[in-house]
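Please look at the sequence and the structure shown here, and then follow the explanation below, which begins with the matter of confidence.

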Amino acid sequence: MCWTCFSTTAAPDEPELPSRHLESPSMTPQNKAAARRAKPAKTSKAGDASDAKQQQLEGFTLDHGAELTTNQGLRIPDNHNSLKAGRRGPTLLEDFILREKITHFDHERIPERVVHARGEAAHGYFQVYKSMSQFTSADFLQDPEAKTPVFVRFSTVAGSRGSADTVRDVRGFAVKFYTREGNYDLVGNNVPVFFIQDAMKFPDLIHAVKPEPHHEMPQAASAHDTFWDFASLMPETTHMLMWAMSDRAIPRSLRMMEGFGVHTFRLVNARGESHFVKFHWKPKLGIHGLAWDEAQKIAGKDPDFHRRDLWEAIENGDFPEWELGVQMIPEGKEGTLGFDLLDPTKLIPEEMVPVQKIGRMVLNRNPDNFFAETEQVAFHPGHLVPGIDFTNDPLLQGRLFSYTDTQISRLGGANFHELPINKGVCPFHNFQRDGMHRQTIARGQVAYEPNTLGTGAEFRVDGDSAGFQSYPDADYEAPKLRRRSHTFDDHFTQARLFFESQSAPEKEHIVAAFRFELSKVEVPAIRQRMVDNLAHVDEKLARRVAEPLGIGEPDARAAAGRAGFREHRIHLPIEESPALSMAGTGDGSIRTRKIAILVADGIDSASLKPIREALEQAGAQCKVVGPRLGSVVSGSKRQVDTNATFANMPSVMFDAVLVPAGAEGARALAASGDAVHFVLEAFKHCKAVCTVGEGVQLLSTLGIAADTPADSLPPGVVVAATPVTNLGDASAAQQIAQDFVAAIAKHRHWDRPNIDAVPA
């Protein structure tokens, strides 16, 4: 291990970097934010290496210069005109400046990822709570004072790079730790299990879910024949399908979803003792999802919804935070669980093995350049550090080959580890040489081991006890064969556990998702096979899914008679696992929640002001939405600035809606179809809605009036009288805000009745 690579000062022989632009009044908000990100990090205290990666990247970062040059450094006098034979003559082949510019432009795209092409990322740090030396020798899990730099990329799986953020899909959750012992990549998803058990089926799975090859449709969607044909013939997908049809697959924010390592790994301590481990990322803001109708509308209104949300939160200083949790099982005790830890379609219920929270991760800096960092970052589950090791999970074993192979194809050769975002912050040395885009200049005549010519003494690495040691797993069987262990054969018990663990609204959403997806399948036999499989999860679920699909009753016996079906069932000591539900998660705050305040000329600004202030003090972000940008005039002739319009910021962009008092303003809003639709749509999506005074007019379509008793109001709706504010007493306004905050803190009121009847 080398501490010198974490020094907070540049080495004496490093050239001084160009100074960054300082903030000035004429700079745009975006440039000001960029300047703040670029300021040199403060000197860290001993043991804190959280700035090490940022300092390393500074050496590769280029600012806007005062002049334009070619890539060779030649100053360009004219960037508007090519070299011609006369003013109206042909462009000359000798125009090397034009050729360089056009040639570079023609090669600016690299192959997108086959899966996880659509993504966004951020920098941050990880900090362990206490030493984990009892379980692992991994250095970054030892010192509670040390902060390890991380780069985290979130992604969808199926869609291409230009697809929308809010499609129904699994989300990638990949973390690169820049540790003192090398880079460690925890490459997981926001779901703890996967569709398949063996990597042999991965190409088939992805070919099935991708757009159908004869017409390249649909984009970023599983609702089509080839996917469900595959899934209905592969019962092992059933558990994952339950997660994919749940609200986990349409997260409200990347900041509000869990992450999982998916596979079982090993933690190995300095004595060589092993514990099996499952990794979890628990978001501080809780786990929250969108309504399906809302997700589809957002995809059209703002395809960058999740990307924008993450970027803006970090720019505003609302740094996303997760806690790293582990489920550990001592070597030799894994057989007591009743299922096989090597099966990636299985999870360990938290009620059986509690998650221990061992550290936290904070994302506090956006990338300076999307392509150079987010697009070129290369993750690999085979990037390990001492103290963490693999298991024989057959899906994980296949990933160990696939990730290196795909990076070579995508990033142009074997030297992708030398790209700045992929470089470790500790020294590296080996005898790998040459290849495309090699950057390291290796001195000397020696490029092999063992040797004596490098230093004059024999250099040999042959059975050293230092460095990474693979765990000596002796649990191997003979002979070689292409078969799957019978311990992988149960495909339905944990799927049933997941479904039974959901709240009533979550179950309804799963039913609706299956109905939507299968309604897009044109071949009735595929729809029938799928509901037959679901009958082995829950008969009522299968019947309800089948009702509108124009097929027969679910037939569990028919499913049992098909190839690929397995009779084996495991026994779990629990029938429900509350930890599998999203309900009631989070810290109970409304931090970073977006509130729309609807305004028109004539609203009551006096009563609005203390309510808005109270919401913002609680951590909410309020935007004033009106019929036009600029401002409206209140009933007291005060100017109220507007941030957005009903057209450019519809209700699906917000978490809650506030309609202020004011007779004239309420009449204007009630006469606006856009404003009424805004409120009704938010109500239909089960968001918190608060009306003050005459603002209740916008709820008249729902049969809600100012005199509607509080206990008769739908869940999450606050109807308040106009508070008196001209006597200096703001208590009434503060009470309104408190009631509204309590409604927003529940995220969504999924138990709101009769929302299907709402015209929005």
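Over residues 39–44 the pLDDT, the predictor's confidence in each residue from 0 to 100, stays under 50, and for this stretch the model has seven contacts beyond four places in sequence, a contact being heavy atoms within 4.5 Å. Residues 1–25 also keep a pLDDT under 50, and for them the model has 37 contacts beyond four places in sequence. Where pLDDT is low, the predicted coordinates should not be read in detail. Across the protein, however, pLDDT averages 92, and 93% of the residues score at least 70.

This is a predicted model, in which local features need a pLDDT of at least 70 and side-chain atom pairs count only at pLDDT 80 or more, whereas totals for chains, interfaces and linings use all residues. Residues are numbered from 1 along each chain as its sequence is written, and side-chain values use heavy atoms, with hydrogens and water left out.

Turning to the overall build, the protein has 19 helices and 18 strands, which are DSSP runs numbered from the N terminus (helices are H or I with at least four residues, strands are E with at least two). Its C-alpha trace spans about 90 × 80 × 60 Å along the principal axes. The radius of gyration is 29 Å, which agrees with the value near 27 Å that a compact globule of 760 residues would have; this radius is taken over C-alpha atoms, and the globule rule is 2.2 Å times the number of residues to the power 0.38. Of the 760 residues, 50% count as buried, where buried means under 20% relative accessible area, exposed over 50%, and partly exposed in between, with a 1.4 Å probe and protein chains only. Among contacts between residues at least 6 apart in sequence, 74% join residues at least 24 apart.

One element to follow in detail is helix H5 (residues 225–232), which is largely enclosed by the rest of the structure because six of its eight residues are buried. These buried residues are Asp225, Phe227, Trp228, Phe230, Ala231 and Ser232, and they pack against helix H4 (202–209), helix H6 (238–244), helix H12 (504–519) and helix H13 (524–534).

The loop between H4 and H5 holds Glu216, which has a positive phi of about 60° although it is not a glycine. Pro218 has its place in the loop between H4 and H5, and the peptide bond that leads to Pro218 from Met217 is cis, with omega near -10°. Ala220, likewise in the loop between H4 and H5, has a positive phi near 55° and counts as buried because its relative accessibility is 6%. Another cis peptide bond, with omega near 5°, runs from Glu449 to Pro450, and Pro450 lies in the loop between H10 and helix H11 (493–500).

Three further residues show how burial varies with place. Phe401, in helix H10 (residues 394–411), is exposed, with a relative accessible area of 59%. Ala671, in the loop between helix H17 (663–670) and helix H18 (673–684), counts as exposed at 69% relative accessibility. Ser651, by contrast, is in the loop between strand E15 (644–645) and strand E16 (656–659) and is buried, with a relative accessible area of 1%; not counting residues up to four places away in sequence, Ser651 touches Phe678, Glu681, Ala682 and Lys687.
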